[in-house]
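Please explain this structure to a reader who is meeting it for the first time. Where should the reading begin, and which parts call for caution?

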Amino acid sequence: LRQSIEQAMGNTMGGAGIPRTAIEAALSVTETELQRLRDEEASGKLALLALPDETGDFEAIEKTARALRDGASDVVFLGTGGSSLGGQTLAQLADYMVPGLGRLADGPRIHFFDNLDPATFGRGLEALPLATTRFVAISKSGSTGETLMQTMAVMRALSDAGLKIGEHVFGLSEPRKENTRNALRDLLEPEGAPFLEHHTGIGGRYSALTNVGLLPAAVMGLDIAAIRRGAASVYAPIRAGELPARDIPVANGAALMTAAALEGKAVCVTMAYADRLERFTRWWVQLWAESLGKDGKGSQPVAAIGPVDQHSQLQLYLAGPNDKIFTVITTDCAGKGPKIDAALAEKAGEPGFAGKTIGDLVAAQGRATADTLAHNHRPTRTIHVDRLDEEHLGALMMHFMLETILTGYALGIDPFDQPAVEEGKVLAKQYLVEGAGA
Ligand code: PA5
């Protein structure tokens with residue numbers, strides 16, 4: 001990953017950018033927070049930091065992935081929030097949901113049922129050939145209402161079709177804890193459903209590099225070792241402790257985001273120039289919002305995809321309120337895709353398009369968006385992904401996880417809990433039971 005925050009730092013004309021002094025101040029706070037990360041790794045408090053170097057769980061993940069794929073026409077992942085978005089992000093790298101592709105040549109169709117809408121869930125379930133479909137119910141707590149509802153609906157459908165639940169459903173949840181119910185295990189274990197264990201020390205939205213994200217990735221045929229290797233490369237310079245914060249890309253990023261928050265930038269936009277990063281942007285929105293929106297602090301994350309959102313959001317970004325900071329993600333798309341015929345380019349009055357590819361245009365647009373934002377005094381950084389593959393996606397995800405954690409630490413926010421959403425969960429259950437949902 002190459003990161004350029006020069007635009008954001010240099011662009012202080014008219015007070016619209018982030019002043020260099022603010023970034024310098026944030027960098028020195030981040031320096032301290034890097035030591036905190038090292039201490040937390042050493043004490044085992046932050047399991048996420050040791051995870052990228054682990055390989056001990058690969059065999060179980062690959063074995064389950066093979067069991068899911070073998071003879072299956074469809075594999076459905078049930079779960080929501082952090083129990084789904086990381087898997088979706090990784091699976092999208094292997095063309096999941098890319099228009100016109102959608103299914104691996106020699107593998108099953110992959111589905112993620114993460115939202116709960118009676119129309120889509122009901123229709124989706126009805127359309128599945130149950131006899132050749134496998135389901136994976138993922139819930140760290142084992143108590144999330146949406147996932148339990150989905151699982152129970154699937155169990156009913158399998159029973160009605162005369163199929164054995166234990167042969168079609170896999171579970172992924174934390175080990176049982178004393179005095180705490182795990183409803184997912186209570187439902188599935190008596191049916192003989194096999195379980196993988198959710199890492200106890202890693203919360204939902206940080207779980208993409210555990211079996212929660214790597215199992216869907218392995219089912220899609222991705223190289224899970226390369227994903228972890230990429231992630232490890234982001235933490236390695238922090239662990240080594242030899243470089244100052246200003247020479248570590250993720251520390252730079254965190255300092256920029258911290259300074260932006262302190263300078264009153266209320267909106268944080270990530271615009272990726274690749275369809276295969278669409279789920280990544282949604283995964284990041286959850287990571288940022290749920291981790292940092294606390295105690296009246298935090299900024300609004302917005303996901304955008306280029307070039308399509310140039311025709312939707314860019315006008316506001318360039319000429320609306322200057323309350324945002326932008327991350328433009330570009331990839332190795334130059335030279336890729338269909339090539340434009342010289343005669344047609346001539347006919348269209350665009351001779352300069354001759355011999356250029358679709359990817360050339362996307363690359364040019366990503367660069368143009370970043371530069372236009374900067375010229376309009378909007379603080380902007382570009383992150384360039386040299387190759388959109390497992391290793392680089394693993395690195396990108398680790399970069400954004402560490403950037404979120406470091407920004408939270410610097411702003412005095414605990415990035416790991418989500419107390420505010422609990423009230424709604426309790427109320428929804430109460431209304432459901434009372435029949436007051438209508
Ligand atoms: O990041 C989080 O902690 C949440 O988004 C959870 O992942 C989400 O609420 C699902 O929780 P669970 O995995 O316990 O079903």
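The paragraphs below take up confidence, the surroundings of the ligand and the packing of two helices.

The model is predicted, and its confidence values therefore deserve attention before its details. The average pLDDT of the protein is 92, and 93% of the residues score at least 70. For the model, the scores are ipTM 0.98 and pTM 0.94. One stretch stands apart for the reader's purposes: over residues 98-102, pLDDT stays under 50. For residues 98-102 the model has 5 contacts beyond four places in sequence. Where pLDDT is low, predicted coordinates should not be read in detail.

Attention may now turn to the ligand. It is surrounded by 14 residues, of which G81, G82, S139, T144 and G204 are the closest. The shell around the ligand comprises 11 polar and 3 charged residues, with no nonpolar residue.

The last topic is a pair of helices. Helix α11 spans residues 249-262 and helix α16 spans residues 390-411. The two pack with their axes 8 Å apart, at an angle of about 45 degrees. Because of this angle, α11 counts as oblique to α16. The crossing in which α11 passes α16 is right-handed. On the α11 side, the residues that meet α16 are V250, A251, G253, A254, M257, T258 and A261. Their partners in α16 are H399, L402, E403, L406, T407, A410 and L411. Sorted by class, this contact between α11 and α16 has 9 nonpolar, 4 polar and 1 charged residues.

Definitions and conventions:
Residues are numbered from 1 along each chain as its sequence is written. This is a predicted model: local features need pLDDT of at least 70, side-chain atom pairs count only at pLDDT 80 or more; totals for chains, interfaces and linings use all residues. A residue is near a molecule or strand if its C-beta atom, placed from the backbone, lies within 6 Å of it. Ala, Val, Leu, Ile, Met, Phe, Trp, Tyr, Cys and Pro count as nonpolar, Asp, Glu, Lys and Arg as charged, and the others, Gly among them, as polar. Axes are lines fitted to C-alpha atoms, for helices over the stretch in contact, and angles run from 0 to 180 degrees between N-to-C directions. Helices (H or I, at least four residues) and strands (E, at least two) are DSSP runs, numbered from the N terminus. Angles under 35 degrees count as roughly parallel, over 145 as roughly antiparallel, 65 to 115 as roughly perpendicular and the rest as oblique. A crossing is left-handed if the near helix is turned anticlockwise from the far one by less than a right angle, and right-handed if clockwise. Two residues are in contact if their C-beta atoms, placed from the backbone, lie within 7 Å. pLDDT is the predictor's confidence in each residue, from 0 to 100.
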